[in-house]
Amino acid sequence: MNAPATTRRPADVYRFEAAVRRLAWTWLTERIAALVARYRAQQTVRELAVLDDRELRDVGLLRADIVQAAKTASARG
């Protein structure tokens, strides 16, 4: 068996693998960020829903605005 000690791969394969890895990590990072944003929005909705109407008016919200305000706040980070 006179196999070469190291196997060399073409440089374009490495570039392709690097591009695929970047794309996969970007996709995964975006999905995780979306899940975190959705969780934060749900948490904000739960917290605002326990306030009475007077307390909501104090912070400038109506009960009908809770979901939209939570989505907006979670999108800002």
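A residue is termed exposed when its relative accessible area is over 50%, buried when that area is under 20%, and partly exposed in between. The exercises below apply these terms to a predicted model.

**Exercise 1. Describe the overall make-up of the protein chain.**

Solution.
- Step 1: Identify the secondary structure. The protein chain contains three helices and zero strands, and its pattern along the sequence is α-α-α.
- Step 2: Consider burial. Of the 77 residues in the protein chain, 9% are buried.
- Step 3: Consider the surface. The protein chain has an accessible surface of about 6,800 Å², and carbon and sulfur atoms account for 59% of this area.

**Exercise 2. Determine how the buried and exposed residues of helix H3 are arranged about its axis.**

Solution.
- Step 1: List the buried positions. Helix H3 spans residues 66-76, and its buried residues are Ile-66, Ala-70 and Ser-74.
- Step 2: Look down the axis. The buried residues of H3 fall within an arc of 60°, and therefore they line one face of the helix.
- Step 3: Turn to the other side of H3, where the exposed residues are Gln-68, Ala-75 and Arg-76.
- Step 4: Identify the cover. Helix H1 (11-49) and helix H2 (53-58) are among the elements that cover the buried residues of H3.

**Exercise 3. Classify Ser-74 and Ala-73 by accessibility, and relate each to residues elsewhere in the chain.**

Solution.
- Step 1: Locate the residues. Ser-74 is part of helix H3, as is Ala-73.
- Step 2: Apply the cut-offs to Ser-74. Its relative accessible area is 12%, so Ser-74 is buried.
- Step 3: Find the partners of Ser-74. Once neighbours within four places in sequence are set aside, Ser-74 contacts Ala-37, Arg-40 and Ala-41.
- Step 4: Examine the polar atoms. A polar atom of the Ser-74 side chain lies 3.4 Å from the backbone oxygen of Ala-37.
- Step 5: Apply the cut-offs to Ala-73. Its relative accessibility is 41%, so Ala-73 is partly exposed.
- Step 6: Relate Ala-73 to Thr-44. These two residues are 29 residues apart along the chain, and their C-alpha atoms are separated by 8.5 Å.

**Exercise 4. Find the salt bridges, and state for each pair where its residues lie and how accessible they are.**

Solution.
- Step 1: Apply the criterion. A side-chain nitrogen of Lys or Arg must lie within 4 Å of a carboxyl oxygen of Asp or Glu. The count by this rule is two salt bridges.
- Step 2: Take the pair formed by Arg-63 and Asp-53. Their side chains meet in a salt bridge with an N to O distance of 3.1 Å. This pair links distant parts of the chain, with Arg-63 in the loop between H2 and H3 and Asp-53 in helix H2, ten residues apart.
- Step 3: Classify these two residues. Arg-63 has a relative accessible area of 38% and is therefore partly exposed. Asp-53, with a relative accessible area of 43%, is also partly exposed.
- Step 4: Take the pair formed by Asp-58 and Arg-54. The salt bridge between their side chains has an N to O distance of 3.2 Å. Because Asp-58 and Arg-54 are four residues apart in helix H2, about one helical turn separates them.
- Step 5: Classify these two residues. Asp-58 has a relative accessible area of 57% and is exposed, whereas Arg-54, at 47% relative accessibility, is partly exposed.

Definitions and conventions: Residues numbered from 1 in each chain as written. Predicted model: local features only at pLDDT ≥ 70, side-chain atom pairs only at ≥ 80, totals over all residues. Heavy atoms only, no water. Helix = DSSP H or I, 4+ residues; strand = E, 2+ residues; numbered from the N terminus. Buried < 20%, exposed > 50% of the residue type's maximum accessible area, 1.4 Å probe, protein only. Areas by Shrake-Rupley, 256 points an atom, 1.4 Å probe, with all protein chains shown as cover. Arc of directions from axis to C-beta. Contact = heavy atoms within 4.5 Å. Polar contact = N/O pair within 3.5 Å; in protein donor to acceptor, adjacent residues only side chain to side chain.
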